[in-house]
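Dear colleague,

I am passing on the structure we spoke about, and I would be glad if you could look through it with the notes underneath at hand.

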Amino acid sequence: KLDVAVYYAAVGDFMLPHLLGRPVSLVRCPSGRPQDCFFQRHRFMGMPAGVESFETQTSDEEDRTYLTIADARGYLALAQFGVVEFHTWGCLVRRLERPDRVVLDLDPGEGVGWRETVEAAVHVRGELAARGLVGFAKTTGGKGVHVVVPVTPRLDWKATHRAASALAAGIAAGAPEVFTTVMGAANRRRRIFIDFHRNARSATAVAPYSLRARNNLPASAPLAWEDLEKVDAPEDFNYASLPGLVAASGDPWADIGNFARDLPRV
């Protein structure tokens, strides 16, 4: 538990710009044992100062209360509260209906190795560039890679989800032996599933620099593309290694917002 709080204090300067002011969901592990972890997206008893809640309606017009982190104090307090994972929406609370980040989650199926997943991510980056978009890469803390696309916040969630779906479909159609956009294990044997569903309203993706509640506390590590290509195994990035790496080289996503482009409408 102590490791987690120390880790988040060390990476806070790099992580907070990607976290503050966005709706968040949390994975809390109060005992430190994975079987006791639970997902928390609504307000809770004893919520620390600096963690705020806001109300919005679901698509079924039900009122819901979600969480957001207002400042570093709230962020550090959550780490003390047993929060291990931070997951964010692709928007800011103050522009709740206009997403500014699109996530293409490259999820390798059975029989796909890490090296192939990296090559696929590089291919996706090129396909995005051909469409006038800029992709940023991070490990997920698992076997996959997230390619995150900063976008100008002009489309609503439905239009953004449709556009992300069209992007994924276009990329998969160009390399059907590598990619699929169809859910289900059978469809992705030896292929990579491009999961675009994280771009629906209230869906989340693991935040940059977040730990994962798994053995050895792997981290979701933002990387420069040339560094991604040198990574031997994604679990090399964890609570012990990542603070030193990012302190030495800085956040490769520091200026991600400057690369926001219009998402092609469908």
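The notes below concern the aromatic rings and their surroundings.

Please keep in mind throughout that this is a predicted model. A search of the whole structure gives ten aromatic pairs, and two of the pairs share Trp89, one with Tyr66 and one with Trp157.

In the pair of Tyr66 and Trp89, the ring centres are 5.1 Å apart and the planes stand at 70°, which is over the 60 degrees required, so the arrangement is edge-to-face. Because Tyr66 belongs to strand S4 (residues 63-69), while Trp89 sits in the loop between strand S5 (83-88) and strand S6 (101-108), this contact ties together parts that are 23 residues apart in sequence. Both Tyr66 and Trp89 are buried, and for Trp89 the relative accessible area is 1%.

Trp89 also pairs with Trp157, and here the centres are 6.2 Å apart with the planes at 80°, so this pair too is edge-to-face. The contact links distant parts of the chain, since Trp89 is in the loop between S5 and S6 and Trp157 is in helix H4 (residues 157-174), 68 residues apart. Trp157, with a relative accessibility of 5%, likewise counts as buried.

Two further findings may be of use when you go through the model. Tyr7, Tyr8, Tyr75 and Phe86 together form one aromatic cluster. Arg28, for its part, is placed over the face of Phe44, at 4.6 Å from the ring centre.

With best regards

Note on methods
Residues numbered from 1 in each chain as written. Predicted model: local features only at pLDDT ≥ 70, side-chain atom pairs only at ≥ 80, totals over all residues. Heavy atoms only, no water. Phe/Tyr/Trp six-rings, centres within 6.5 Å; stacked < 30°, edge-to-face > 60°. Helix = DSSP H or I, 4+ residues; strand = E, 2+ residues; numbered from the N terminus. Buried < 20%, exposed > 50% of the residue type's maximum accessible area, 1.4 Å probe, protein only. Lys NZ or Arg CZ within 6 Å of the ring centre and 35° of its normal.
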